[in-house]
Amino acid sequence: MAETPPSVENESCDDLLESLRRGRPAAGQDPVKRSQIIDGARRVFIDKGFEAASMNDITREAGVSKGTIYVYFANKEELFEALIEEERGTIFKNMYDVLDRADDLRETLVKFGKVLSLKITSAKVIQAQRTVIGASDRIPDMGARFYERGPKRGHDKMVAFLNAAIDRGLLRIDDVDLAAYQFTDLCLAGLFRQCIFAYRTKAPSQDEIDHIVRSGVRMFLLAYGTERLTEEESHQLIALEAKT
């Protein structure tokens with residue numbers, strides 16, 4: 001059952017007047033206070049999980065009044081989604097920039113695949129996904145929003161990248177949407193399931209990720225690469241040998 005927020009109308013008005021007098025952000029608009037609440041929520045969710053955590057727990061951990069926390073967040077679900085968005089922005093920031101530099105298709109796919117695999121199997125991301133999965137039965141809309149704002153956006157960027165490679169004549173793919181999912185699975189071969197089910201207690205090493213990703217990219221290009229790609233890579237190899 002969702003917790004019922006207390007009446008915050010008077011508190012909000014008082015906060016607004018006080019903010020105007022002191023030149024501080026109005027109620028619900030102070031980024032420092034918002035960050036304080038999210039940091040407290042992060043500790044509670046990690047310690048108790050989404051289902052067991054309560055707004056009272058978060059209030060105590062964040063060191064704010066219950067009236068204040070409801071000025072910023074209507075309920076636990078909204079607070080959790082804000083936390084996930086903040087974590088996503090920090091962890092996945094600039095991750096897709098490598099796809100903008102696509103002179104060498106194979107190496108671009110390798111670089112992106114390694115970054116993707118490293119981040120997806122990190123402790124923070126695995127913990128967040130477990131929490132979302134656990135809460136999705138009760139709040140399916142939250143799970144859907146998590147997917148749309150994270151994995152789906154990344155998938156769409158990979159689709160765009162593959163379409164650009166097709167336009168350059170380097171790839172031949174009938175179902176680009178499927179191929180984008182296949183690429184992700186090849187780069188995470190076995191790793192994600194082992195991490196999400198705690199089969200392995202430590203994140204994979206960079207050497208292991210490098211091995212899996214390079215193997216996955218090799219399979220991907222064997223399936224979808226064109227003769228033009230082979231020719232370009234041959235020219236690149238000859239140019240490299242000439243320099244050495």
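The following exchange examines how the terms applied to this predicted model follow from its computed values.

Me: What makes up the secondary structure of the chain?
Reply: The chain has 13 helices and 0 strands. Read from the N terminus, its elements run α-α-α-α-α-α-α-α-α-α-α-α-α. Of its 244 residues, 38% count as buried. Among contacts between residues at least 6 apart in sequence, 69% join residues at least 24 apart.

Me: Why is the pair of Tyr96 and Phe112 called tilted?
Reply: The ring centres of Tyr96 and Phe112 are 5.4 Å apart, and a pair requires centres within 6.5 Å. Their planes stand at 40°; stacked pairs have planes under 30 degrees apart and edge-to-face pairs over 60. The angle meets neither condition, so the pair is tilted. Both Tyr96 and Phe112 are buried.

Me: What makes this pair a tie between parts of the chain?
Reply: Tyr96 belongs to the loop between α5 (76-91) and α6 (105-120), whereas Phe112 belongs to helix α6, so the pair ties together parts that are 16 residues apart in sequence.

Me: Is the pair of Phe112 and Phe183 stacked or tilted, and how do you know?
Reply: The planes of Phe112 and Phe183 are at 20° and their ring centres 6.4 Å apart. The centre distance is within 6.5 Å and the angle is under 30 degrees, so the pair is stacked. Phe112 in helix α6 and Phe183 in helix α10 (residues 176-187) are 71 residues apart, and the pair links distant parts of the chain. Phe183 is buried, as is Phe112.

Me: Which residues form a cluster through ring pairs?
Reply: The cluster consists of Tyr96, Phe112, Phe183, Phe220 and Tyr224. In the whole structure, the search finds 7 aromatic pairs.

Me: How do you know that Lys76 lies over the face of Phe50?
Reply: Lys76 is placed over the face of Phe50 at 4.6 Å from the ring centre. The distance condition is that NZ be within 6 Å of that centre, and the value satisfies it. Apart from residues up to four places away in sequence, Lys76 touches Phe45, Phe50, Glu51, Ala53, Met55 and Arg138. The C-alpha atoms of Lys76 and Ala53 are 8.4 Å apart, although 23 residues separate them along the chain.

Me: Why is Lys76 assigned its burial class?
Reply: Lys76, in helix α5, has a relative accessibility of 10%. Buried means under 20%, so Lys76 counts as buried.

Me: What makes Ile166 partly exposed?
Reply: Ile166, found in helix α9 (residues 151-167), has a relative accessible area of 24%. The partly exposed class lies between under 20% for buried and over 50% for exposed, so Ile166 is partly exposed. Leaving aside neighbours within four places in sequence, Ile166 contacts Leu171, Ile173 and Val176. The C-alpha atoms of Ile166 and Val176, 10 residues apart along the chain, are separated by 9.4 Å.

Me: How do you know that helix α2 is not straight?
Reply: A straight helix of the 22 residues in α2 (residues 31-52) would reach 32 Å at 1.5 Å a residue, but the end C-alpha atoms of α2 are only 27 Å apart. Helix α2 bends by about 85° at Ile46. The buried residues of α2, among them Ile37, Ala41 and Phe45, pack against α3 (55-62), α4 (66-72), α5, α7 (123-136) and α8 (140-149).

Me: What span should α7 have, and what is found?
Reply: The 14 residues of α7 should span 20 Å at 1.5 Å a residue, and its end C-alpha atoms are 20 Å apart, so the two agree. The buried residues of α7 include Val125, Gln129 and Val132. Their cover includes α2, α5, α6, α8 and α11.

Me: What makes the phi of Ala198 notable?
Reply: Most residues other than glycine have a negative phi. Ala198 is not a glycine, yet has a positive phi of about 60°. Ala198 is located in the loop between α11 (191-196) and α12 (206-224). With 43% relative accessibility, Ala198 counts as partly exposed.

Me: How many disulfides does the structure hold, and why are Cys187 and Cys195 called buried?
Reply: The structure holds 0 disulfides. Cys187 has a relative accessible area of 0%, and Cys195 has 4%. Both values are under 20%, so Cys187 and Cys195 are buried.

Definitions and conventions. Residues are numbered from 1 along each chain as its sequence is written. This is a predicted model: local features need pLDDT of at least 70, side-chain atom pairs count only at pLDDT 80 or more; totals for chains, interfaces and linings use all residues. Side-chain values use heavy atoms; hydrogens and water are left out. Rings of Phe, Tyr and Trp (its six-membered ring) pair if their centres lie within 6.5 Å; planes under 30 degrees apart count as stacked, over 60 as edge-to-face and the rest as tilted. Helices (H or I, at least four residues) and strands (E, at least two) are DSSP runs, numbered from the N terminus. Buried means under 20% relative accessible area, exposed over 50%, partly exposed in between (1.4 Å probe, protein chains only). A charge sits over a ring if NZ of Lys or CZ of Arg is within 6 Å of the ring centre and within 35 degrees of the ring normal. A disulfide is a pair of cysteine sulfur atoms within 2.5 Å. The expected span of a helix is 1.5 Å times one less than its number of residues. The bend at a residue is the angle between axes fitted to the seven residues ending there and the seven starting there. Contact means heavy atoms within 4.5 Å.
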